[in-house]
Amino acid sequence: MTGKPAAGARPLASVCLFCGANVGARPVYAEAARALGRLLARDGLALVYGGGSVGLMNEAATAALEAGGRVVGVITEALMAREVGHKALTEMHVVATMHQRKALMAQRSDAFVVLPGGYGTLDELCEMLTWDQLGIHAKPVVVVNLEGFFDGFLAQLDRALADGVLRPEHRAMLSVVGGIDDVPPALRAWQAPAAAKEWRVGAPRP
């Protein structure tokens, strides 16, 4: 992605996509997934994702491959047995459990972008935010709020902030954009919250 990252941020080589295993009822979702795949390929960034050949994840992966990009899939043995794994990826890693799947996706990625999805997408989004909060890693998380899809989720975070169960610096670490073209500047501008820097793994906890 063109431009310099924020001070102290490491260069991006790979971006993980969390999104639905269904394409959804709104064409804009699939269009955005394909646009993200093309954007990452254009900028020389590997796309890391859940390895599926269905839904929005397939739209992004196939578009990235068609544009000459690198695509890394991470999928479970159970999903491979259901024959939903993408057959044309640059790399495919098959793991035993969903926990291992998320861990390897995070390990292989320098940032995370989130498009519309269901339970799995929200689970992955919240886990990566939690890891940022605790200092397990310090990686950007950007939600693309297409047609207000995440409005309810964001309202819940604001409620948690208002009720004092979510700190302001942790609310602020989630970047929200309206479209795919807004993703690169959001990734470049992201900075880990001060609390996360203080809570690095291995450091004394408050």
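Helices (H or I, at least four residues) and strands (E, at least two) are DSSP runs, numbered from the N terminus. The model above is predicted: local features need pLDDT of at least 70 and side-chain atom pairs count only at pLDDT 80 or more, while totals for chains, interfaces and linings use all residues. Residues are numbered from 1 along each chain as its sequence is written, and side-chain values use heavy atoms, with hydrogens and water left out.

**Exercise 1: Warm up on the whole chain**

Work out how many helices and strands the protein chain has, and what share of its residues is buried.

Solution.
- Step 1: Count the elements. You should get 9 helices and 7 strands.
- Step 2: Sort residues by relative accessible area: buried is under 20%, exposed is over 50%, and partly exposed is in between (1.4 Å probe, protein chains only). Of the 206 residues, 50% come out as buried.
- Step 3: Look at the outside. Accessible areas come from the Shrake-Rupley method with a 1.4 Å probe, and for residues only the protein chains shown count as cover. The chain exposes about 9900 Å², and carbon and sulfur atoms supply 54% of that.

**Exercise 2: Zoom in on asparagine 58**

Say which helix holds asparagine 58, and whether the residue is buried or exposed.

Solution.
- Step 1: Asparagine 58 sits in helix α2.
- Step 2: Its relative accessible area is 17%, so asparagine 58 is buried.
- Step 3: Check its contacts (heavy atoms within 4.5 Å). Skipping neighbours within four places in sequence, asparagine 58 meets Gly52, Ser53 and His86.

**Exercise 3: Lay out the sheet**

In what order do the strands of the open sheet come, and which are the edge strands?

Solution.
- Step 1: Two strands pair if DSSP finds at least two bridges between them.
- Step 2: Follow the pairs across. The 7 strands run in the order β4-β3-β2-β1-β5-β6-β7, with parallel pairing.
- Step 3: β4 (91–95) and β7 (174–177) each pair on one side only, which makes them the edge strands.
- Step 4: Try one pair up close. β3 (residues 71–76) and β4 are parallel and share 5 bridges; threonine 76 stands opposite valine 95 in β4.
- Step 5: Now another pair. β5 and β6 also run parallel, joined by 3 bridges, and valine 114 has valine 143 in β6 as its bridge partner.
- Step 6: See which way side chains go on β6. Val141 and Val143 point one way and Val142 and Val144 the other, yet all are buried.

**Exercise 4: Put helices on the sheet**

Find the strands that helix α4 touches and those that helix α5 lies across.

Solution.
- Step 1: Axes are lines fitted to C-alpha atoms, for helices over the stretch in contact, and angles run from 0 to 180 degrees between N-to-C directions.
- Step 2: Helix α4 (residues 98–107) packs on the sheet and touches β1, β2, β3, β4 and β5 (112–114), with its direction at about 165° to that of β3.
- Step 3: Helix α5 (residues 119–134) lies across β1, β5, β6 and β7, at about 150° to β6.

**Exercise 5: Hunt for the core**

Which residues have the most contacts inside the largest nonpolar core, and which element gives the largest share of this core?

Solution.
- Step 1: A nonpolar core is a set of buried Ala, Val, Leu, Ile, Met, Phe, Trp, Tyr and Cys residues joined through side-chain atoms within 4.5 Å.
- Step 2: The largest one has 31 residues, and Leu47, Leu115 and Val144 have the most contacts inside it.
- Step 3: Contributors of at least two residues each include β1 (14–18), β2 (46–49) and β6 (141–144). The largest share, 7 residues, comes from α1.
- Step 4: Leucine 115 touches, among others, Leu17, Phe18, Val144 and Ile180, leaving out residues up to four places away in sequence.

**Exercise 6: Check the cysteines**

How many disulfides does the structure hold, and why is cysteine 16 not bonded to cysteine 19?

Solution.
- Step 1: A disulfide here is a pair of cysteine sulfur atoms within 2.5 Å. The structure holds 0.
- Step 2: The closest cysteine sulfur to that of cysteine 16 belongs to cysteine 19, 9.3 Å away, so the two are too far apart for a bond.
- Step 3: Compare surroundings. Cysteine 16 is buried at 0% relative accessible area, whereas cysteine 126 is partly exposed at 33%.
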